[in-house]
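Got your viewer open? Then let's take a walk through this model, one selection at a time.

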Amino acid sequence: MKIGVQLYNFREAMKTDFKGTLKEVSKMGFDGVEFAVNYGGIAPDELAAYLKELKLECAGTMFGEPDLLSGANQVYDYAHALKSPAVTISMMLDFVKEYANVLARLKALGEAAKKNGCIFSYHNHWAEWALMDGKPVMEHLLDETDPKTVFFEPDICWINRGGSNAPAIIRKYAARIRQIHFKDIRVADDNKTTLPLGTGIIKVADSMAAAKEINVQWAICEQDNSADPFKDAATSLKMIRSL
């Protein structure tokens, strides 16, 4: 298992100094970084070379849904150049009401990624865990899509907020998981209270045990909001390596 960090943590710093932020992250000791839509306006091959120079690997690539469907904005060029384990999106909507629409979209995204030689992965928030016919919508979506084309990037914090059990979900869908987001929080339904790993209410060790059991490729630290993202990321890295 490799330890990565979600670059959304450093989104403000990356707006003003993209390469400099990556360089600072590389000094912290992470094995890799997961990109979140922002690629710095740098050509795919150049960005791949810069990561290699920094001794960082690509832990994942997130893009806009329309770009993945159309292949616009070099999304698949980035995925291949960076050797991304998956191309990923997330959604925020009423998943029960929009279930049929979401299911069709995930199937289409899976096929588009396959056509372009990539693995498509869906990243959850909390609304996906609303119950439909007694089962979380996210599980319906996974059970009704092709496991060869639709993978899953679980976020342990948001699974907890949604009312499901993250370690159990990780074990159940092991074959479709390459990356897991590790996140902690003080108040489950307040996004602004995200914290360094091990300092909030999430049982990080339990999900790490499950991640180790399934031999996941990447454990990715993410903290949506932080007054000092570099300091907090260092704290999270130390904690997750201790596990």
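In what sense do β9 and β12 pair, and over how many bridges? Select both strands and look: they pair in the parallel sense, over four bridges. To see one of these bridges, pick Gln179, whose partner in β12 is Trp218. Before you go on, keep in mind that this is a predicted model.

**Stop 1: the whole sheet**

Now widen the selection to the sheet. You'll find eight strands in an open sheet, with parallel pairing, in the order β8-β5-β4-β3-β2-β1-β12-β9. The two edges are β8 (150–153) and β9 (179–182), and each of these pairs on one side only. Try looking along the strands: on average, neighbours in this sheet are turned by 30° against each other, direction ignored. As for what holds such an arrangement together, strands of a sheet pair through backbone hydrogen bonds, either parallel or antiparallel.

**Stop 2: the β9 edge**

Go back to β9 and show its side chains. Are they buried or exposed? Gln179 and His181 sit on one side, Ile180 and Phe182 on the other, and all of them are buried, so both faces of β9 are covered.

Next, add helix α11 (residues 229–242). This helix lies across β1 (2–6), β9 and β12 (218–221). Compare directions and you'll see α11 running at about 150° to β12.

**Stop 3: the β8 edge**

Swing over to the other edge strand and select β8. Val150 and Phe152 point one way from the strand, while Phe151 and Glu153 point the other way. All four names belong to buried residues. On its paired side, β8 runs parallel to β5, with four bridges joining the two. One spot to zoom in on is His123, which has Glu153 as its bridge partner in β8.

Keep going inward to β3 (residues 57–62) and β4 (residues 87–89). This pair is also parallel, over two bridges. Thr61 has its bridge partner in β4, namely Val87. Now bring in helix α6 (residues 99–115), which packs on the sheet and touches β4, β5 (120–123) and β8. Its direction makes about 145° with that of β5.

**Stop 4: an enclosed space**

Time to look for gaps. Rolling a probe the size of a water molecule over the atoms shows where empty space is left. How many cavities of 30 Å³ or more does a search of the whole structure find? The answer is one. The largest cavity holds about 50 Å³ of space.

To frame this cavity, select its lining: Asn9, Phe182, Leu195, Leu197, Cys221, Glu222, Gln223, Asp232, Ala233 and Ser236. You've just met α11, and here that helix gives the most to the lining, with three residues. Colour the lining by class and you'll get five nonpolar, three polar and two charged residues.

**Stop 5: the largest pocket**

Now for the open spaces. The largest pocket has a volume of about 300 Å³. There are 17 residues lining this pocket, and the closest to its centre are Tyr8, Met62, Ser90, His125 and Glu222. Glu222 should ring a bell, being one of the residues that line the largest cavity. By class, the pocket lining has seven nonpolar, seven polar and three charged residues.

**Stop 6: the second largest pocket**

About 200 Å³ of space lies in the second largest pocket. Which elements each supply at least two residues of its lining? They are α3 (44–54), β3 and α5 (75–82). The largest share comes from α3, with three residues. Select the lining and you'll pick up, among others, Ala48, Leu51, Glu57, Cys58, Ala81, Leu82 and Trp218. Trp218 is also the bridge partner of Gln179 from the start of the tour. This lining has eight nonpolar, one polar and three charged residues.

**Stop 7: two loop residues**

Finish with two backbone oddities. Zoom in on Val37, in the loop between β2 (32–36) and α3. Its phi is near 70°, a positive value in a residue other than glycine. Val37 counts as exposed because its relative accessibility, 56%, is over the 50% cut-off.

Then jump past α3 to Lys55, in the loop between α3 and β3. Phi is positive here too, near 60°, and again the residue is not glycine. Lys55 is exposed, with a relative accessible area of 72%.

Technical notes:
Residues are numbered from 1 along each chain as its sequence is written. This is a predicted model: local features need pLDDT of at least 70, side-chain atom pairs count only at pLDDT 80 or more; totals for chains, interfaces and linings use all residues. Side-chain values use heavy atoms; hydrogens and water are left out. Two strands pair if DSSP finds at least two bridges between them. Axes are lines fitted to C-alpha atoms, for helices over the stretch in contact, and angles run from 0 to 180 degrees between N-to-C directions. Contact means heavy atoms within 4.5 Å. On a 1 Å grid over the protein atoms alone, a cavity is a set of points where a 1.4 Å probe fits but cannot get out, and a pocket is an open set with protein on both sides within 12 Å along at least five of seven lines; lining residues have an atom within 4 Å of a point. Grid points are joined across faces, edges and corners, and a volume is the space filled by probe spheres set on the points. Ala, Val, Leu, Ile, Met, Phe, Trp, Tyr, Cys and Pro count as nonpolar, Asp, Glu, Lys and Arg as charged, and the others, Gly among them, as polar. Buried means under 20% relative accessible area, exposed over 50%, partly exposed in between (1.4 Å probe, protein chains only).
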